[in-house]
Amino acid sequence: MIFIRTFLLLLFQHLFLSSAFAVSGSRHHRNHSLLADEAALLAFKKTIVFDPESKLAGWTEGGDVCSFTGVRCDKHRHSVVQLNLSRSRLTGALSPIISNLSGLRYLILDENHFYGIIPPEFSSLRHLQSLRLDSNNLRGSFPEFLAALPNLTVLTLTENHLMGTLPPSLFSNCSSLANIELSQNLLTGKIPQEIGNCLSLWNLNLYNNQFTGELPATLGNISELYNIDVESNSLTGELPANIIGKLYSVVSLHLSYNKMVSHDHNTNLEPFFTALANCTELQELELAGMRLGGRLPSSIGRLSGELSTMLLQENSIFGTIPPDIAHLSSLTWLNLTSNSLNGTIPAEISRLSYLEQLFLSHNLLTGAIPAALGQLPHLGTIPPTLGKCTDLSMLDLSYNRLTGSIPPEISGIREIRRYLNLSHNLLDGPLPIELSKLENVEEIDVSSNNLSGSIFFQISSCIAVTRLNFSHNSIEGHLPDSIGDLKNLESFDVSGNHLSGGIPTSLNKSQSLSFLNLSFNDFAGVIPSGGVFNSVTDKSFLGNQDLCGAVSGMPKCSHKSQWFRLRLFLIVFVLVTFASAILITICCVIGIRRIKVMVSSGNSVDTEQARKPETPELIHNFPRITYRELSEATGGFDEQRLVGTGSYGRVYKGLLPDGTAIAVKVLQFQSGNSTKSFNRECQVLKRIRHRNLIRIITACSLPDFKALVLPYMANGSLDSRLYPHSETDLGSGSSDLTLLQRVSICCDIAEGMAYLHHHSPVKVIHCDLKPSNVLLNDDMTALVSDFGIARLVMTVGGGNGGVVENMGNSTANLLCGSIGYVAPEYGFGSTTSTKGDVYSFGVLVLEMVTRKRPTDDMFVGGLNLHKWVKTHYHGRLEKVVDPYLMRASRDQFPEVKRMWEVAIGELVELGILCTQESPSTRPTMLDAADDLDRLKRYLSGDTTATFASSLGISSSTLGDD
Ligand SMILES: *[C@@H]1O[C@H](CO)[C@@H](O)[C@H](O)[C@H]1NC(C)=O
Ligand SMILES: *[C@@H]1O[C@H](CO)[C@@H](O)[C@H](O)[C@H]1NC(C)=O
Ligand SMILES: *[C@@H]1O[C@H](CO)[C@@H](O)[C@H](O)[C@H]1NC(C)=O
Ligand SMILES: *[C@@H]1O[C@H](CO)[C@@H](O)[C@H](O)[C@H]1NC(C)=O
């Protein structure tokens, strides 16, 4: 838990400070350079003209510099080594005074409003390793003097207004430069050849600038290069086959929206794709918007088996789609929109079992839609533990020349979640009733075909649909009333068909419907009123001869029919009034009886809640403890007892009169008065009992005060064991956790999480799993803490009554996860799921092995811990594993040489499996727990433990050496 770590830090600093006082007697004898740093920081503070979050409020003269917000000192408190005021909304000119912090290693000021130029004085920051100034308002030419900084590793200046060229001198001595991100500026000129000197470069991101010329050939020298993003510039020349063929570890290659051409005068893609086959780690290939000519070569099937994204839209690629594309077994996102592809859609595409988005629109494709598309592998044919399933969420085949009928099998793709677009083709046959099985789809567009048949009433099963477009076909019959049951419908277009009969009144029930087009059909009768009909004009009804109604521009209906409607209305009104009267009478009778019962039984829960408590009390069934006792236990919520703060609130250490140490977590929230749902959630969470989950002892709940009482864990968090002293020492030092301990901790966490996901009375998604939220007890058992907090805060904040699974509002997003641990899909607005927790768990496992924080400075922009591990691992443990762990394991298992190597390898692979991009391919926590348990038993000498692993991590049985 955060608070333990912070507590240790405070304690450490406290001890340190007091001993410093003891030795020197006076703070005036403090190190000279620290005094100079203090002066520089205070002067810097003066240059800030706006500090809306009062980040710098604690920066006062005579204060302890090393505990200023955002400031860190080195181990011996000789100087300030880090200034991190990221995302603080500070405004001011970027001041040269910062260069007085002579020992500075990390300067992190991204996402603020600093303006002006990057001061040339920064060249005196000789020790600077990391300069992060992204998302400010910095101007001027590119800061050439940065070339003078010998140890610069991370340089990120994304999203500013920097102009001019990249000076070649920047790269004359750049052996430590690993990460360059200059995207979204106004940089021009060529990318200097000298960049090839930066042999440690991993990430080169120049996206959205105005660079010209060819990609420098010297890039091919940089074998570690991981990400190349030069999208949206004006680069020219042939697709860089010679460079790419040497970059064996490149993982993402974004060249889209430049002015490159393919080989042989833009007619031949073969050489480039052949070279790409050397990139065995490639996951993302983006070559869109370049008018590239040529056929897709069949060698496309030899690209990396890891390839998950291939964007080739807006080019001039012709010929057929090679069936070999089906060899790209990890492909999830394929966009070939707006090319000149012809021939049929190869049925082999259905072998791409991870395909989620298939965009083939705006081509010259002919033939039928392969029925096999609907037979993408289903759950069950693949080992269920892998969770593989048909997950096609977007299918766009529009604007082609496809013929035949819509195959009923299309409904086999149950998971089409977002988008089905078959419009503008030559499809015929009846509208297949199977469409109604697409209960998750949000948009269906089959317009501009020759479809016939009628719209079936089962269409109301597509409950998620927001846009329905059946226009310009030959559909007949009546519109079913059930259309009105589509609660989410926003846009409904059936124009240009042969529909007849009346317009269903039910359409006015839909709250969300705002676009309606019924034009050019044979509808007749009165246009209903209410709902969408109050806002539409005659444009919605053009070309229907026999319609009339109150809509502006439409003919009024004759008196006769109005008189008829009035009579109908009167009859309905009388009936409804009569029925209501009867109902009310019945309710009253029942209500009076109930009240009598409640009054006679004094113990009723309802009455207890109705009575406003005089003295605040903890909710029933929990151990008795009052707000006063809680306040006394924490010294009146004394700041001295504060052991941590987080996004959910503050944590105090407390001591009960009987000597029990507790942690009191006071939740902060925006709106009060959801005490009842908070109590209900507490009741639920309190029942959750598991060896690997921190127990909620009790909770205190008042209209404007909510707190949880937890046992106090003196042994600290996993974070503090993995990174002892890291707060003051910036990550150096080592952890003494042995291999068996690490495996067993991972196993404990997995067991606890599996319980939350699969066995607890209500499914709980943790949302913030990370080492600081894992506590260790006396015998090193790991306990997951802070679970269910998201649930509680949701209920307190007046959210969706604790339905964590469906959190979609901003509070929820705020709550879901910490940087470095949060699953990528949450960034795209996915709802929270157990698979999000699995991702965080995977990161944690990799962290246990590598002892690198996913938030480490090296993992900035695109490079995250698991991608780093994946690129550098390849079975070579020494490349990624914590050196201490290697040494200690070698000593601990001298007799069986391979044993520890295998075990660490298993951990790495589990971590990689859990952090896969696509949530559906990640294992469940049950699978992970299972595997870790086997691994633990194997390491502790259980010879029957094998790795016929449920995850397929390793197929080998490891009993024999
Ligand atoms: C640069 O880094 C090296 C290796 O970490 C270190 O020995 C050297 O002192 C650093 N140089 C500066 C100027 O900080
Ligand atoms: C691909 O790799 C092979 C050897 O691994 C090398 O000979 C060949 O030149 C590379 N291709 C390109 C286009 O660089
Ligand atoms: C595919 O490309 C088209 C054309 O650029 C674009 O409109 C569409 O959004 C793309 N879809 C995906 C999922 O990339
Ligand atoms: C596809 O286009 C190519 C050239 O653009 C042409 O040679 C070929 O005949 C076309 N194939 C089909 C099936 O139309």
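This is a chat about two ligand sites and two buried residues in a predicted model.

Visitor: Before we dig in, what are the ground rules here?
Guide: The model is predicted, so local features need pLDDT of at least 70 and side-chain atom pairs count only at pLDDT 80 or more, while totals for chains, interfaces and linings use all residues. Residues are numbered from 1 along each chain as its sequence is written, chains are lettered from A and ligands numbered from 1 in the order in which they are written, and side-chain values use heavy atoms, leaving out hydrogens and water.

Visitor: OK, which residues surround ligand 3?
Guide: Gln313, Glu314, Trp333, Asn335, Thr337, Gln357 and Phe359. Being near here takes a heavy atom within 4 Å.

Visitor: What sort of mix is that shell?
Guide: It has 2 nonpolar, 4 polar and 1 charged. In this scheme Ala, Val, Leu, Ile, Met, Phe, Trp, Tyr, Cys and Pro are nonpolar, Asp, Glu, Lys and Arg are charged, and the others, Gly among them, are polar.

Visitor: Which strands feed into it?
Guide: Strand 20 (333-335) and strand 22 (357-359) each give at least two residues to the shell around ligand 3. Strands are DSSP runs of E, at least two residues, and helices are runs of H or I, at least four, both numbered from the N terminus.

Visitor: And which side chains have polar atoms by the oxygens of ligand 3?
Guide: Glutamate 314 has a side-chain N or O atom 2.4 Å from a ligand 3 oxygen, and asparagine 335 also has one at 2.4 Å. For tryptophan 333 the distance is 3.1 Å. A polar contact with a ligand is a pair of N or O atoms within 3.5 Å.
Guide: The protein covers 64% of the 360 Å² of accessible area that ligand 3 has on its own (Shrake-Rupley, 1.4 Å probe).

Visitor: What's around ligand 1, then?
Guide: Arg126, His127 and Asn151. A side-chain N or O of histidine 127 is 2.6 Å from a ligand 1 oxygen, and a polar side-chain atom of asparagine 151 is 2.3 Å from one. Of the 360 Å² that ligand 1 has accessible on its own, the protein covers 36%.

Visitor: Switching topic: where's glutamine 283?
Guide: In the loop between helix 5 (270-276) and strand 16 (284-286).

Visitor: Buried or exposed?
Guide: Glutamine 283 counts as buried because its relative accessibility is 11%; buried is under 20%, exposed over 50%, partly exposed in between (1.4 Å probe, protein chains only).

Visitor: Last one, what does UniProt list for Lys665?
Guide: The unreviewed entry lists Lys665 for "binding site", and such annotations may be inferred rather than shown by experiment. Lysine 665 is in strand 36 (residues 661-667) and, at 7% relative accessibility, is buried.

Methods
Polar contact = N/O pair within 3.5 Å; in protein donor to acceptor, adjacent residues only side chain to side chain.
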